[in-house]
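Please work through the following exercises with the sequence and the 3D view open beside you. Try each task on your own before you read the solution beneath it.

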Amino acid sequence: MKNILHIISSPRMEVSASRKLGKAVVEKIKEKYPDAVVKERDLAKNSVPILDEVHINTFFTPAESHSSEQAEINKYSTGLISELQEADIIVVESPMYNFSVPVGLRAYFDFTSRAGYTFKYDENGPKGLLNNKKLYIAFTSGNIYSDGPHQIYDSNVPYVKNVFGFYGISDVTVFRAEGLSIPGIMENSLEKAIEGITID
Ligand SMILES: Cc1cc2nc3c(=O)[nH]c(=O)nc-3n(C[C@H](O)[C@H](O)[C@H](O)COP(=O)(O)O)c2cc1C
């Protein structure tokens, strides 16, 4: 039985393209693994706090020395990390927001990038601790970044791949619905991306 972690990040609800693309990816995975269990982590409905000094100090203080406030913060962060650890398959929706990811996804990375949990350092440098997992990225954007003159601004997908790669996840498939603001492309882009989903 497969555990799927479905990470949602668009602050938009009904009109969100990444929610539609990500949902279609999860549905396709469920066609392949009908008894898969899906855990949804909606970062817009339940936002992760913006990282501040209290959080950082918590993450760098051994658990046995935590204050009660730090213990709560640590519990929340390790809860998010447990969902990653338990997942066999991760689907992350990552729409382009101002050349980056929505702030909720950025905050999620701040709370899940933790030494001893998702990575560690050894004599060879950093080593990811989340192994044998498959990652699907559902990317949507107004412009086109996979090809053409704006390819140099393809800053979202490589970033998301880098973070998960740092966590030890290198088996990645990307589905893109791009050009969602470009007349002549926007009308069919999402539909085409959904039609093109194949699960290996
Ligand atoms: C606040 C905001 C910022 C955006 N920034 C960019 C951008 O930098 N580049 C781009 O190509 N599209 C940008 N877009 C377009 C979105 O990437 C596109 O609408 C995408 O489908 C958004 O995902 P969502 O529909 O799931 O919210 C932006 C949209 C919004 C609402």
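**Exercise 1.** In this predicted model, find what joins the side chains of Asp200 and Lys134, and work out which parts of the chain the pair ties together.

*Solution.* Begin with the side chains themselves: those of Asp200 and Lys134 meet in a salt bridge, with 3.5 Å from N to O. Next, locate each partner, and you will see that Asp200 lies in the segment after helix 6 (189–195) while Lys134 lies in strand 6, so the pair ties together parts that are 66 residues apart in sequence. Finally, consider the surroundings of each partner, using the rule that under 20% relative accessible area means buried and over 50% means exposed. Asp200, at 56% relative accessibility, counts as exposed, whereas Lys134, at 10%, counts as buried.

**Exercise 2.** Set the salt bridge of Glu83 and Lys39 beside that of Glu27 and Lys23, and ask of each pair where its partners lie in the chain.

*Solution.* Start with Glu83, which forms a salt bridge with Lys39, the closest N and O atoms being 3.6 Å apart. This pair links distant parts of the chain, with Glu83 in helix 3 and Lys39 in strand 2 (residues 37–42), 44 residues apart. Glu83 counts as buried at 12% relative accessibility, and Lys39 counts as partly exposed at 40%.

Now turn to Glu27 and Lys23, whose side chains meet in a salt bridge of 3.4 Å from N to O. Both belong to helix 1 (residues 17–32), and because they are four residues apart there, about one helical turn separates them. The general rule behind this step is that an α-helix has 3.6 residues a turn, so residues three or four places apart point the same way. Glu27 is partly exposed, with a relative accessible area of 44%.

To complete the picture, note that Arg19, Asp42 and Lys45 are linked in a network of salt bridges, and that a search of the whole structure finds 10 salt bridges.

**Exercise 3.** Determine which residues of helix 5 are buried, and explain why they lie on the same side of the helix.

*Solution.* First, go through helix 5, which spans residues 156–166, and mark its buried residues, namely Asn156, Val157, Val160, Val163 and Phe164. They cover an arc of only 130° around the axis, which puts them on the same side of helix 5. Then look at what these buried residues pack against: strand 1 (3–8), helix 3 (68–86), strand 3 (89–93), helix 4 (103–112), strand 6 (134–140) and strand 7 (171–177). As a last step, follow the chain beyond the helix, where you will come to Gly168, whose phi is positive, near 105°.

**Exercise 4.** Describe the largest nonpolar core, and find which element gives the most residues to it.

*Solution.* The largest nonpolar core has 29 residues, of which Ile7, Leu84, Ile90, Leu105, Tyr108 and Phe164 touch the most other members. The elements that give two or more residues to this core are strand 1, helix 3, strand 3, helix 4, strand 6 and helix 5, and helix 4 gives the most, with five residues. Apart from this core lies another, of 18 residues, among them Leu21, Ile29, Phe175 and Ala177. It helps to remember that, in soluble globular proteins, nonpolar side chains tend to be buried together.

To see one core member in detail, take Ile90 and leave aside its neighbours within four places in sequence; its contacts then include Leu5, Ile7, Leu84, Tyr136, Phe164 and Ile169.

**Exercise 5.** Examine Asn98 and Phe99, stating the sign of phi for each and the place of each in the chain.

*Solution.* Keep in mind that most residues other than glycine have a negative phi. Asn98, although not a glycine, has a positive phi of about 50°, and Phe99, which is not a glycine either, has a positive phi of about 60°. Asn98 lies in the loop between strand 3 and helix 4, and Phe99 is found in the loop between strand 3 and helix 4 as well. As for accessibility, Asn98 counts as exposed at 75%, while Phe99, together with Ile152 and Tyr153, makes a nonpolar surface patch of about 360 Å².

Technical notes: Residues numbered from 1 in each chain as written. Predicted model: local features only at pLDDT ≥ 70, side-chain atom pairs only at ≥ 80, totals over all residues. Heavy atoms only, no water. Buried < 20%, exposed > 50% of the residue type's maximum accessible area, 1.4 Å probe, protein only. Arc of directions from axis to C-beta. Contact = heavy atoms within 4.5 Å. Patch = residues over 30% accessible without salt bridge, like charges linked within 9 Å, V, L, I, M, F, W, Y side chains within 5 Å. Areas by Shrake-Rupley, 256 points an atom, 1.4 Å probe, with all protein chains shown as cover. Salt bridge = Lys/Arg side-chain N within 4 Å of Asp/Glu carboxyl O. Core = buried A, V, L, I, M, F, W, Y, C linked by side-chain atoms within 4.5 Å.
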